[in-house]
Amino acid sequence: MGIYKLLKSDFTKEKNKIELFGCPNCNCNTLVIGVFHGDEPIGKDILENYLKNGTNKNLIIVPCLNPDGMTLNTRQNANKVDLNRNFPTKNWTKTNIGEDYYGGETPESETETKFIMQIIEEYKPKQIVTIHTPYKIVNFDGDEKAKKLAEKIAKILSYEIDDDIGYPTPGSFGTYYGKERNIPVITIELDENETLSELCQKFDRILSEL
Ligand SMILES: [Zn+2]
């Protein structure tokens with residue numbers, strides 16, 4: 001593995017590992033996160049491909065935040081929690097276990113959520129990019145800076161940008177960090193019809209420019 005080393009790891013409920021990679025003593029400008037949702041595994045393939053040969057020292061990378069969900073092929077983690085509803089936003093609300101967007105018994109209840117929150121506390125990235133599928137759009141949470149970054153990424157992908165997905169997302173990562181903490185958060189929704197090699201080529205460019 002090129003210039004990147006394992007910086008931090010933790011184990012999930014199923015004893016799968018969540019891992020953070022970066023350069024030792026790096027300038028951690030941008031945090032990149034794959035597989036928030038276990039049934040959207042392509043982010044891991046793209047990021048692991050980049051880790052082999054990539055050279056951008058500004059990046060810290062979590063290729064797969066939800067390894068249990070990936071094993072189970074579910075959106076949620078092994079506790080049936082949608083990690084993208086488990087962050088302690090002002091509008092966090094408790095929903096029922098079993099619902100698609102179940103956000104946990106309490107905010108920040110999940111190992112995966114705590115792992116990401118600790119990384120952000122420790123490395124203080126100035127911007128964050130997360131990879132989802134399948135809507136072929138680049139979403140952003142935050143101000144003009146977030147919008148500019150979304151535009152730059154969308155241009156390379158040939159996608160549109162959007163600052164509002166059209167429904168409230170209590171407990172979401174973007175609401176917590178982008179809106180409430182003012183760290184630009186870009187949520188890339190990949191086009192499921194593109195091949196892995198096409199996406200890897202585009203991400204080689206996106207990630208080298210972050
Ligand atoms: Zn998703």
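In what order do the eight strands of the open sheet lie? Here are some points to follow as you look at this predicted model.

1. The sheet. The strand order is S1-S2-S4-S3-S5-S8-S6-S7, in an open sheet with mixed pairing. At the edges you will find strand S1 (5-11) and strand S7 (160-162); each has a single partner strand, so one side of each has no neighbour in the sheet. From one strand to the next, the twist averages 20 degrees.

2. Strand S8 and its two partners. In the strand order, S8 (185-191) sits between S5 and S6. With S5 it runs parallel, and five bridges join the two; with S6 the pairing is antiparallel, over six bridges. If you would like residues to click on, try His-132, whose bridge partner in S8 is Glu-189. Two further pairs to look up are Asn-139 with Thr-187 of S8, and Asp-141 with Val-185 of S8. S8 is also mostly covered, with six of its seven residues buried.

3. Helix H4 on the sheet. Helix H4 (144-157) packs on the sheet and touches S5, S6, S7 and S8. The direction of H4 makes about 160 degrees with that of S6.

4. Helix H4 beside helix H6. H4 also has a helix for company: H6 (residues 196-208) packs with it at an angle of about 155 degrees, and their axes are 9 Å apart. Angles over 145 degrees count as roughly antiparallel, and the two helices are therefore described that way. The crossing of H4 past H6 is right-handed. On the H4 side, the residues that meet H6 are Ile-153, Ile-156 and Leu-157; on the H6 side they are Lys-202, Arg-205 and Ile-206. Sorted by class, this contact has four nonpolar residues, two charged ones and no polar ones.

5. Helix H5, an enclosed helix. Is helix H5 largely enclosed or left open by the rest of the structure? It is largely enclosed, because six of its eight residues (the helix spans 173-180) are buried. Those buried residues are Phe-173, Gly-174, Thr-175, Tyr-176, Tyr-177 and Gly-178. They pack against strands S5 (127-132), S6 (135-141) and S8 (185-191), and against helix H4 (144-157). This brings H5 together with elements you have already met: S5, S6 and S8 from the sheet, and H4, which packs on that sheet.

6. Glu-180 and what follows. Glu-180 lies in helix H5, but it is not among the buried residues listed for H5. With 15 other C-beta atoms within 10 Å, Glu-180 is partly exposed, because a residue needs 20 or more to be buried. Which residues does Glu-180 contact, leaving aside its neighbours within four places in sequence? They are Thr-89, Lys-90 and Thr-175. Lys-90 is worth a look in the viewer: Glu-180 and Lys-90 are 90 residues apart in sequence, and 8.3 Å apart in space from C-alpha to C-alpha. Just after H5, Asn-182 takes a positive phi of about 60 degrees.

Conventions:
Residues numbered from 1 in each chain as written. Predicted model: local features only at pLDDT ≥ 70, side-chain atom pairs only at ≥ 80, totals over all residues. Buried ≥ 20, exposed ≤ 12 C-beta atoms within 10 Å, placed from the backbone. Helix = DSSP H or I, 4+ residues; strand = E, 2+ residues; numbered from the N terminus. Contact = placed C-beta atoms within 7 Å. Pairing = 2+ DSSP bridges. Axes fitted to C-alpha atoms, helices over the stretch in contact; angles between N-to-C directions. Parallel < 35°, antiparallel > 145°, perpendicular 65-115°, else oblique. Left-handed = near helix turned anticlockwise from the far one by under 90°. Nonpolar A, V, L, I, M, F, W, Y, C, P; charged D, E, K, R; others polar.
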